[in-house]
Amino acid sequence: MKSSAVATYKEWSAYRSHMLLSLVVGPVFFLVQSSIWKAVFQGRELVNGLSLEQMLTYFAAATLIYYLIMDFADWNLQMLIRTGKFITFIIRPMSHWFFAFSQKVGHRVLGLFFEFLPVYLMFLFLFKIPLIPVYPLWFLLSISLSFIMMFQINYCVGIIGFWLVQAEGIRRVFLIFRDILAGAFLPLSFFPELFQKILFFLPFQFISYVPLRVFMGNYELAGFEMSIPSIVGIQALAVLAMTGITTLLWKLGIKRFTGVGV
Amino acid sequence: MSESIITVRNLNKTYTTYERGSSFKDSVKSLFVRKPLKVEAVKNISFEIQKGEICGFLGPNGAGKSTTLKILTGILFPTHGEVNILGYVPWKQRREYVARIGAVFGQKSQLLWDIPPADAFELNRAIYNIPRDRFKKNLAAMVELLDVGEVMGKPTRVLSLGERMKCEFIIAMLHDPEIVFLDEPTIGLDVVAKEKIRGFVKEMNQKGTTFILTTHDLDDVESLARQIILINHGEIIFNDPIEKLSRFFGCKKKINLQTDRSQIDFQLPGLKSLDRRNDTHGNYELDLDILPLKAFLAQADEILCIKDMSIEEIPIESVITALYETKKPED
Amino acid sequence: MIKSAFAVYIQGIKTAIASRMAYRTDYFIGITVMLIWEMVVPMVVFLIYRSGVAFPNWNIYEVLLIQGIFMIAKGISYPCFFGIVWNTIVRVQEGTFDLLLIKPRSALFMALVTGFDAEDLGKLLGGGVLTGICLANLPPANLAQWLNMFIYFILGQGVMFSFAVIMAGTGIKWVGNFRLYEIFDSVTAFGIYPQSIFAKPIRIIISYIIPIAMIGAFPASILLGKPVPQLGWVSLGVAGFLTLSLFYWRRMLASYTSAGG
């Protein structure tokens with residue numbers, strides 16, 4: 001684990017300058033967001049149960065959380081399958097998903113220094129948004145779980161590549177829905193009531209929305225209010241369930257890969 | 001005699017890259033500071049190429065060949081030095097200049113993967129603004145020569161490598177270029193395709209096109225090139241007609257010798273043992289300047305009693321390998 | 001000369017469409033994915049308005065009209081010339097950028113000719129539908145408004161072109177960086193909402209200096225009868241931005257041709 005994480009760290013440090021783009025893109029998007037919400041909140045205290053301050057915290061934290069948990073596991077696995085390079089992983093002693101997870105760890109350590117920290121400081125000093133979680137330990141637990149959740153969901157999308165040769169279109173559609181349904185563009189409480197109820201039973205809220213609400217110190221979706229320990233508990237159960245699904249899909253995928261032959 | 005159409009004087013190209021360490025600590029460090037590394041790719045080279053020539057441009061990987069070629073085709077600026085081709089300075093009058101040259105890159109395709117070569121030809125007709133009738137005439141002639149009439153209308157992706165490379169040549173020559181640069185044009189091709197392409201180059205050369213050829217395939221060089229420029233470590237180490245190449249290290253022959261008696265203690269001045277199959281059968285390199293052939297035959301027969309033998313020229317590979325390995329040959 | 005350049009461009013479009021048609025299913029999936037992606041922002045606006053709040057003095061159709069026109073602007077510029085960005089990035093990465101330099105045309109023109117992207121025509125379709133829906137729900141504009149909006153829209157295309165040139169130029173130096181598109185998306189996010197929500201300094205920048213408001217916000221405001229900056233000043237801004245972008249491209253190209261390797 002350590003060696004592949006370190007190797008990825010080194011490989012990506014060649015592209016560290018690409019990460020610097022995040023220092024522009026993140027704050028610029030946030031500036032737009034904050035202008036939108038300041039306009040919308042004119043003459044109002046609360047919108048959908050959130051104050052302006054909470055709303056800005058939501059979007060700033062969403063930006064930062066993304067730097068901590070994002071990965072390209074879906075793209076990477078599909079690319080390996082499509083180009084035939086995946087075969088080299090069948091003969092390695094380490095399973096590919098473990099390798100990919102180590103890669104993610106290495107990559108995100110880099111992201112922590114070159115995306116998360118500078119943007120955090122920009123939010124703090126430029127936009128005066130003090131981002132301190134209400135319950136730091138619960139938040140740490142929740143963000144670790146969403147780190148795993150994000151990986152598993154993306155990896156499952158990658159596994160689809162075993163069945164579909166041209167899975168790129170599906171992958172891209174899925175990414176859009178993943179981000180919408182995880183609450184990256186808008187808090188999920190803005191969605192229609194029925195929609196929220198469905199979302200409650202999908203894995204996506206555990207990627208961004210749950211850690212964001214844990215960060216803010218209160219959780220609410222589809223009218224359910226829940227204490228922080230219980231939602232993190234549910235998140236842990238969801239990660240466990242997702243592990244089962246990923247393992248199952250992985251086994252089926254490998255069977256298909258070796259069955260069909262190369 | 002004939003006029004030179006390419007004149008290069010004191011060409012020099014230096015560029016900067018950055019060092020990146022290999023250890024974890026180095027890569028952390030490189031996040032903050034990068035150590036610049038000056039690379040002198042081409043060091044003061046000068047040469048001339050005559051009109052109607054086929055010139056082989058040789059050198060090991062990283063010798064400065066492709067940098068030179070890029071400068072000659074107007075892609076790169078040199079650090080300093082003069083280049084005059086067809087009366088142009090390539091990097092200064094790029095657009096006017098490249099209208100009169102052509103180029104084939106063995107590793108970079110000018111065809112379009114999903115559509116037939118015919119469409120790519122049409123695009124190039126527009127780019128070079130070739131009059132319709134001249135385009136038709138040139139295309140027909142080259143299609144005939146290269147025998148690609150059938151594949152022109154098929155998507156490029158279904159063509160064989162050889163067919164594709166032939167089409168690359170057509171693209172490069174549709175606009176009647178006076179000079180054509182070939183960068184590893186036969187890489188990966190089978191023998192038949194190579195022969196066809198070599199035949200084409202010879203044919204076009206007879207019609208007056210000058211070719212500059214870089215390649216690692218010495219068969220290309222032997223069958224095509226008349227002039228050879230050898231470059232290593234950014235410097236020219238050989239620039240002469242190909243016939244002189246085999247005599248570069250003096251006048252030598254390769255001798256295969258079978259004898260009645262054992263060759264184990266056989267030694268003569270000017271004779272170098274290369275390898276030995278068994279006691280009575282071995283290969284030698286003979287320096288004729290030290291030991292003339294006649295004297296060698298007499299002595300060898302007397303000492304060993306010759307049963308059978310063959311005498312060959314030193315193969316061009318050995319000469320070039322030796323040249324690549326020398327840092328700076330004595331003149 | 002102009003006639004011949006146009007002939008080359010038409011030939012480039014023909015080959016690009018022929019290439020794209022080789023994978024028809026893929027093409028239509030691509031268009032669908034793109035349309036879904038383009039609909040995210042309008043959907044967010046819809047959800048905000050649905051929750052009972054609004055941008056002051058703008059109803060939802062007025063806001064969506066900006067985004068519809070912006071999408072049309074992308075639907076024209078992305079296929080026609082924005083392809084220079086990915087084309088340059090891919091070519092520099094693969095080393096085939098050199099092939100553009102051995103042609104007797106300017107490198108930028110060659111990048112344009114070989115960079116036509118038929119897939120992005122889908123944006124035109126999406127933008128057309130969205131704009132149509134909004135216009136049907138808004139009071140009609142008069143002929144003078146339409147003409148005026150057309151002038152601003154064309155200038156907006158000039159801004160798109162300048163942006164494309166700057167990104168492509170950056171792609172020459174910054175090898176393999178497809179994330180450059182994120183910069184474009186983030187900066188143009190200022191141009192797809194009513195300008196009145198932004199602070200004064202931001203408004204000045206996006207009207208005159210990096211005039212992205214010209215792409216969608218101003219043309220829409222004209223149709224809606226809302227005030228926009230005077231044509232003289234904004235066209236000066238667009239001209240400045242365009243000049244700057246071409247100058248930047250030249251600098252980057254010069255650094256490419258003087259690099260080695």
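**Entry 1: chains C and A**

How many residues of chain C are in contact with chain A, and how many residues of chain A do they meet? I looked this up first, bearing in mind that the model is predicted. I found 36 residues on the side of chain C and 34 on the side of chain A.

I next recorded the buried area. The size of an interface is often expressed as the accessible area lost when the parts come together. For chain C and chain A this comes to about 3000 Å², with 76% of it on carbon and sulfur atoms. Within chain C, I noted that Val33(C), Trp174(C) and Arg179(C) give up the most area to chain A, and that together they account for 17% of what that side buries.

I then turned to charged pairs. Between chain C and chain A, I counted 1 salt bridge. Glu115(A) forms a salt bridge with Arg179(C), and their closest N and O atoms are 3.6 Å apart. I had already listed Arg179(C) among the residues of chain C that lose the most area to chain A.

**Entry 2: helices H7 and H8 of chain A**

I examined helix H7 (residues 136-159) and helix H8 (residues 168-181) of chain A, whose axes come within 10 Å and cross at roughly 155 degrees. An angle over 145 degrees counts as roughly antiparallel, and H7(A) and H8(A) are therefore roughly antiparallel to each other. I recorded the crossing of H7(A) past H8(A) as right-handed.

Which residues meet here? From H7(A) I listed Met150(A), Ile153(A), Asn154(A) and Val157(A), and from H8(A) their partners Arg171(A), Phe174(A) and Arg178(A). By class, this contact of H7(A) with H8(A) has 4 nonpolar, 1 polar and 2 charged residues.

I followed Arg171(A) further. Its salt bridge with Asp74(A) has the closest N and O atoms 3.3 Å apart. Because Arg171(A) lies in helix H8 and Asp74(A) in helix H4 (residues 73-83) of chain A, the pair ties together parts that are 97 residues apart in sequence. Over all chains, I noted a count of 28 salt bridges.

**Entry 3: helices H5 and H6 of chain B**

In chain B, I looked at helix H5 (residues 132-146) and helix H6 (residues 161-173), which pack at an angle of about 155 degrees with their axes 10 Å apart. H5(B) and H6(B) are therefore roughly antiparallel to each other, and their crossing is right-handed. H5(B) contributes Leu139(B), Met142(B), Val143(B) and Leu146(B) to the contact, while H6(B) contributes Lys166(B), Phe169(B), Ile170(B) and Met173(B). I sorted the residues of this contact of H5(B) with H6(B) into 7 nonpolar, no polar and 1 charged.

Note on methods: Residues numbered from 1 in each chain as written. Chains lettered and ligands numbered in written order. Predicted model: local features only at pLDDT ≥ 70, side-chain atom pairs only at ≥ 80, totals over all residues. Heavy atoms only, no water. Axes fitted to C-alpha atoms, helices over the stretch in contact; angles between N-to-C directions. Helix = DSSP H or I, 4+ residues; strand = E, 2+ residues; numbered from the N terminus. Parallel < 35°, antiparallel > 145°, perpendicular 65-115°, else oblique. Left-handed = near helix turned anticlockwise from the far one by under 90°. Contact = heavy atoms within 4.5 Å. Nonpolar A, V, L, I, M, F, W, Y, C, P; charged D, E, K, R; others polar. Buried area = accessible area lost by both parts, 1.4 Å probe. Salt bridge = Lys/Arg side-chain N within 4 Å of Asp/Glu carboxyl O.
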